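Work through the exercises below with the sequence and the structure open beside you. Try each task before you read its solution.

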Amino acid sequence: MAEDLNWAIGGEAGDGIDSTGKIFAQALSRAGRHVYTSKDFASRIRGGYTAYKIRTSVDDIQSVVDRLDVLVALTQRTIDENLDELHEGSAIIYDGERSWEAEIPDEMTAVDVPLKSLAEDAGGAIMRNVVALGAACAIANFDVEYLDEALEKRFGGKGSKIVENNKKAARLGEEYVEENYDLDHLGYDLETTDNDYVLLNGNEAIGMGALAAGCRFYAGYPITPATTIMEYLTGRIEEYGGHVVQAEDELSAINMALGGARAGARSMTATSGAGIDLMTETFGLVATSETPMVICDVQRSGPSTGMPTKQEQGDLNMALYGGHGEVPRFVVAPTSITECFWKTIEAFNLAEKYQTPVFLVSDLAMSVTEQTFPPEAFDMDAVEIDRGKLVDDDTIDEWLDEQGRFRAHAVTDDGVSPRAIPGTTDGAHMSTGLEHDELGRRTEAQDERVRQVDKRYRKVETAQEREDWEYREFGNPDADDLVISWGSNEGALVEALGYLEEEGTDIRVISVPYIFPRPDLTDEVEAADDVIVVECNATGQFADLIEHDTLTRVKRINKYTGVRFKADELAEEITDQLAAEVPAK
Amino acid sequence: MSSDVRFTDFKSDKQPTWCPGCGDFGTMNGMMKALAETGNDPDNTFVVAGIGCSGKIGTYMHSYALHGVHGRALPVGTGVKMARPDIEVMVAGGDGDGYSIGAGHFVHAVRRNVDMSYIVMDNRIYGLTKGQASPTSRSDFETSTTPEGPKQPPVNPLALALASGASFIAQSFASDALRHQEIVQQAIEHDGFGFVNVFSPCVTFNDVDTYDYFRDNLVDLEEAGHDPSDYEAAKEVILDSDKEYQGVMYQDENSVPYHEQHGVTEDMSEIPDGAPEDAMDLVREFY
Ligand SMILES: Cc1ncc(C[n+]2csc(CCOP(=O)(O)OP(=O)(O)O)c2C)c(N)n1
Ligand code: SF4
């Protein structure tokens, strides 16, 4: 109990829930504690319940659990929504002076703090959330000083007076609780360490990866949950000579990125749901014109506008098969926040090495979750850039035909052609979505068509051989039962291992970051007694792929409630599935 | 960039498949001449084309080029120019391509004022799909899909541009070779989005908006003494639906192109071999 603390603040959207939560998360991170955050939010801006949840431990944590220890409730709904997760030892901070009368179950500890009045004492009612943070520190036995740095970070831009007032507000909250309550029996005592951590979410990691990878042009159109990638890049990409354009729609965004890429810049767009549908029109053009670019899909619940603020992994088939005709592509799906960084870099390298569109498929849970990492997890010295067969004035000659024309779509053994960007002498050439010959000129000649289609697919074959389509492995490699997952489920699964171990259940976990091409898991599947595929969708799109690849029936755990997997819940589901009858192989 | 570039350097070795007599021949010649005349060469020029008979222009010209999907040429051109302010960008397409499926992009490209030229071959018909009504077709113009005419007023692309905050609006006629070339040249030289609507007759599917019709009805604004810097005068000619005009209708002398407003000046194709030198700062931001 002393190690883990599950804390949350909840209220109406517009109450500053997010920034307050973030301040506390940063303070915990500064204290050398691991932090894993999650958010409950509705698709509206004002009104509507919203919560920011933090799980913190000195141990590494990678998922959420079904428990809340300290809750700052700005509304009754915050309490009601979380009743399942509250327990006897839970403390609930609320403002009894406000007009609502908190209904708090008897067995829990009600901590009535005059948030608003204390905030006013500190300089303004607006700081009531910070008073609540101070109160939370008192309950958790966590030194309020750790909040200071986070408050400076948050309010530094508004002047030292504001920062000082906020620090005072936190202390007033802490003092009030210490003076009026004796909560030692709750037993919360947050240990601190000297570890240095950074705290970031998956979209920030993608944005940071893009900058590290040399992405200099980004065009996008706002859509939840992809927008924060654009927000991250805006204001930062300029430092590296780049630029972000907010396009008029997704059709425009992907076409702008295509233009940037053809002009030689590492270019990217990101979207979700309906936006991916719109981009599909241009997807085939990107592939056929052999333009290297990264298209990021941060999945949310579909179809149509579905549940825009809820988790799902339902776009796998779209990424694999979307677009008319047959389109060679790569589909890469990071499995954690650090992988969001590394796989983004890899996506840019793959795009340029093979001159194809690369789908970078993330999901809502990863995009909004903030997690702590040692800074070395994002070691910039390890970043490698591979721009592929880019020719220049000196190397272009070998790719010119007898008439001195550049063979932009030269048919090569590995399927990869030379690439000349504008300004390269003698490199002028046409790129088109029409079928074309080596020079990029339209053709409908049967043999030429076949040569070009084969050439484009040969890139995938080459990549399949040359690249390392590895997977990540956890648990006991010799266990009889195998659980396979993709995307953000990895964290919950890794933690579920602990719960399963306690019950004496041993499993091997394989987490796959590559959807196409992907590692061949036939041997692994055949060696296992039971195989379970875990994913956040209703139909088991990844399970279908595994069955297709291995000609073996697998068990499935599918969640499509809009909420991500929790570690304890997943452990239970795995136990149930292992007990269930094995589907016919 | 060499100074001895001839306009034929911008010609590809593909023979156009346009119908003999199509206005697009003249339109393209003027574009190539204007590019050569303004000191560009194929290796520093990027031509983006739409879809339609008009969009085939990219195939018949020689430069860095992209022939994209229907209606989306302007965003591609925008992307090219953002990444490479050093490259001359020209976007070309038809009236269906630009004012129907691409109308949204048109409005936004205009208001962004990216420094590129946009040449629309307006034949007031869909040519490539064999003669359906286009957004600029007359309301009583009978086509395969509008047997009694569209019964809607045509789009006025010049007015649309003006309303969207255009900094350069012009119109030319494919067959008035010299004037057409001059006008395209001015669009290229304009600091910002240089928009030219070109009357480019479709000899196969449009027997109303013909060469003869334009020859008989065209009023040259230069000869008429029009002052393109006079916004009110521009508004008047642009909204005058009784006459057909050629020439520069409006040019904002204070136009500041997108890249200057936003400080986009670098060649974005150059990136370091590994992560940028101070990249660890990006990580430290998250402390
Ligand atoms: C998404 C999409 N819809 C429809 C088409 C079919 N299409 C090809 S060209 C064209 C119209 C072209 O008209 P316009 O832009 O006026 O050019 P023109 O052929 O007259 O020069 C259409 C509808 C297409 N290629 N793509
Ligand atoms: S159909 Fe019309 S627009 Fe197309 S090439 Fe023939 S004349 Fe030109």
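**Exercise 1. A helix with a bend**

Where is the kink in α10(A) centred, and about how many degrees is it?

Solution. Remember throughout that this is a predicted model.

Step 1. Find the centre: the kink in α10(A) sits at A:Glu281.

Step 2. Read off the angle, which is about 45 degrees.

Step 3. Check the length. Helix α10 of chain A covers residues 273-288, which is 16 residues. At 1.5 Å a residue it should span 22 Å. Its end C-alpha atoms are 24 Å apart, so the two values agree.

Step 4. Look at the cover. Of the 16 residues in α10(A), 12 are buried, so the helix is mostly covered, given that buried means under 20% relative accessible area. Among the buried residues are A:Gly273, A:Ile276, A:Phe283 and A:Thr288.

Step 5. Look just past the helix. There A:Glu290 has a positive phi of about 55 degrees.

**Exercise 2. A sheet in chain A**

State the strand order of the seven-stranded open sheet of chain A, and name its edge strands.

Solution.

Step 1. Walk across the sheet: the order is β9-β8-β10-β11-β13-β12-β19, with mixed pairing.

Step 2. Pick out the strands that pair on one side only. These edge strands are β9 (243-246) and β19 (514-516) of chain A.

Step 3. Add the twist. Neighbouring strands of this sheet are turned by 20 degrees against each other on average, direction ignored.

Step 4. Zoom in on one pair. Strand β8 (residues 215-220) of chain A runs parallel to β9(A), and four bridges join them. A:Ala219 has A:Val245 in β9(A) as its bridge partner.

Step 5. Place a helix on top. Helix α7 (residues 202-212) of chain A lies across β8, β10, β11 and β13 of chain A. It runs at about 135 degrees to β8(A).

**Exercise 3. Unusual backbone angles**

Which residues are joined by the cis peptide bond with omega of about 0 degrees, and which by the one with omega of about -15 degrees?

Solution.

Step 1. Recall the background. Most residues other than glycine have a negative phi, and most peptide bonds are trans.

Step 2. Take omega of about 0 degrees. This cis bond joins A:Thr224 and A:Pro225. A:Pro225 is in the loop between β8 and α8 (227-233) of chain A.

Step 3. Take omega of about -15 degrees. This cis bond joins A:Phe516 and A:Pro517. A:Pro517 is in the loop between β19 and α16 (522-527) of chain A.

Step 4. Turn to phi. A:Asp426 is not a glycine, yet its phi is positive, near 70 degrees. A:Asp426 lies in the loop between β14 (370-373) and β15 (430-432) of chain A. With a relative accessible area of 39%, A:Asp426 falls between 20% and 50%, so it is partly exposed.

Step 5. Treat A:Leu551 in the same manner. Its phi is positive, about 55 degrees, although A:Leu551 is not a glycine. A:Leu551 is in the loop between α17 (541-550) and β21 (555-558) of chain A. Its relative accessibility is 71%, which is over 50%, so A:Leu551 counts as exposed.

**Exercise 4. One residue in chain B**

Is B:Thr27 buried or exposed?

Solution.

Step 1. Locate B:Thr27: helix α1 (residues 23-37) of chain B.

Step 2. Compare with the cut-off. The relative accessibility of B:Thr27 is 0%, which is under 20%, so the residue is buried.

Step 3. List contacts, leaving aside neighbours within four places in sequence. B:Thr27 touches B:Ile119, B:Met121, B:Ala174, B:His180, B:Val198 and B:Ser200.

Step 4. Compare sequence with space. B:Thr27 and B:Ser175 are 148 residues apart along the chain, while their C-alpha atoms are separated by 7.7 Å.

**Exercise 5. A sheet built from both chains**

Which strand of chain A belongs to the nine-stranded open sheet, and which strand does it join through three bridges?

Solution.

Step 1. Read the order: β15(A)-β2(B)-β1(B)-β3(B)-β4(B)-β6(B)-β5(B)-β8(B)-β7(B), with mixed pairing. The chain A strand is β15(A).

Step 2. Name the edges: β15 of chain A and β7 (218-220) of chain B.

Step 3. Find the link. Three bridges join β15(A) to strand β2 (residues 64-67) of chain B, and the two run parallel. A:Met430 has B:Ala65 as its bridge partner.

How values were computed
Residues are numbered from 1 along each chain as its sequence is written. Chains are lettered from A and ligands numbered from 1 in the order in which they are written. This is a predicted model: local features need pLDDT of at least 70, side-chain atom pairs count only at pLDDT 80 or more; totals for chains, interfaces and linings use all residues. Side-chain values use heavy atoms; hydrogens and water are left out. The expected span of a helix is 1.5 Å times one less than its number of residues. The bend at a residue is the angle between axes fitted to the seven residues ending there and the seven starting there. Buried means under 20% relative accessible area, exposed over 50%, partly exposed in between (1.4 Å probe, protein chains only). Two strands pair if DSSP finds at least two bridges between them. Axes are lines fitted to C-alpha atoms, for helices over the stretch in contact, and angles run from 0 to 180 degrees between N-to-C directions. Contact means heavy atoms within 4.5 Å.
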